[in-house]
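Student: Please take one part of this model and examine it closely. I am new to the structure and would value a single connected account.

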Amino acid sequence: MNPSRNLFIVGPTGAGKTSIGRRLAAHYGLPFVDLDQEIEQHCGVPVSTVFEIEGEAGFRQRESQLLDECSRRDGVLLATGGGAVLDPLNRQRLAERGYVVWLEASIEQQLERLARDTKRPLLAGEDRRGKLEAMREIRAPLYRDVADLIVHGEHENVATATERCIALIDTHWNRTQAA
């Protein structure tokens, strides 16, 4: 058990990190921070534009800088981007500064949830399934490595998924109070 006042959500694109994260934050009385939204606010442009101008390497550098900043806050729910776990330092910061929940999702769930989404740069072009499978192969072991709790994806609405997450988190999270 990882005692912490912070709750961090990791997982693949389309897992529900933002949708479920907002509801979890409200339930636990924590401010909600979406790392991709923080990047957009900091840069003044959408994530896709950051990718277009600076490439994935530039985006990942900004992501790491803001993850460091946001994860230092006390008593926050942080929803990371799907690739934030690629950087070993990010994984270390997440593990040291919060209780990490991995929202798992099958490729089928991701395809279904992202069917009309055109804003994710790493999914642009053809063969979304292939891209998602390639990302899963690299990222799943990293999510597993950093996670204190794994919440397996199911075909359910956000409200039901959130209630299931709350039940699991309440059983496993040793939420410490302010020191």
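**A helix pair and the nonpolar cores**

Tutor: The axes of helix 1 (residues 17-28) and helix 7 (residues 158-172) approach within 9 Å and cross at roughly 55 degrees. The model is predicted, with local features needing pLDDT of at least 70 and side-chain atom pairs pLDDT 80 or more, while totals for chains, interfaces and linings use all residues. Residues are numbered from 1 along each chain as its sequence is written, and side-chain values use heavy atoms, leaving out hydrogens and water. Axes are lines fitted to C-alpha atoms, for helices over the stretch in contact, with angles from 0 to 180 degrees between N-to-C directions; helices (H or I, at least four residues) and strands (E, at least two) are DSSP runs numbered from the N terminus.

Helix 1 and helix 7 are therefore oblique to each other, a class left over once angles under 35 degrees (roughly parallel), over 145 (roughly antiparallel) and 65 to 115 (roughly perpendicular) are set aside. In contact (heavy atoms within 4.5 Å), helix 1 offers Ser19, Ile20, Arg23, Leu24, His27 and Tyr28, which meet residues of helix 7 including Val158, Cys165, Ile169 and Asp170.

The largest nonpolar core, a set of buried (under 20% relative accessible area, 1.4 Å probe, protein chains only) Ala, Val, Leu, Ile, Met, Phe, Trp, Tyr and Cys residues joined through side-chain atoms within 4.5 Å, has 24 residues. Val10, Leu35, Leu78 and Leu94 have the most contacts inside this core. Among the elements supplying at least two residues each are strand 1 (7-10) and helix 6 (128-146); helix 3 gives the most, seven residues. A second, separate core of 20 residues includes Tyr28, Val151, Cys165 and Ile169.

Key
Buried means under 20% relative accessible area, exposed over 50%, partly exposed in between (1.4 Å probe, protein chains only).
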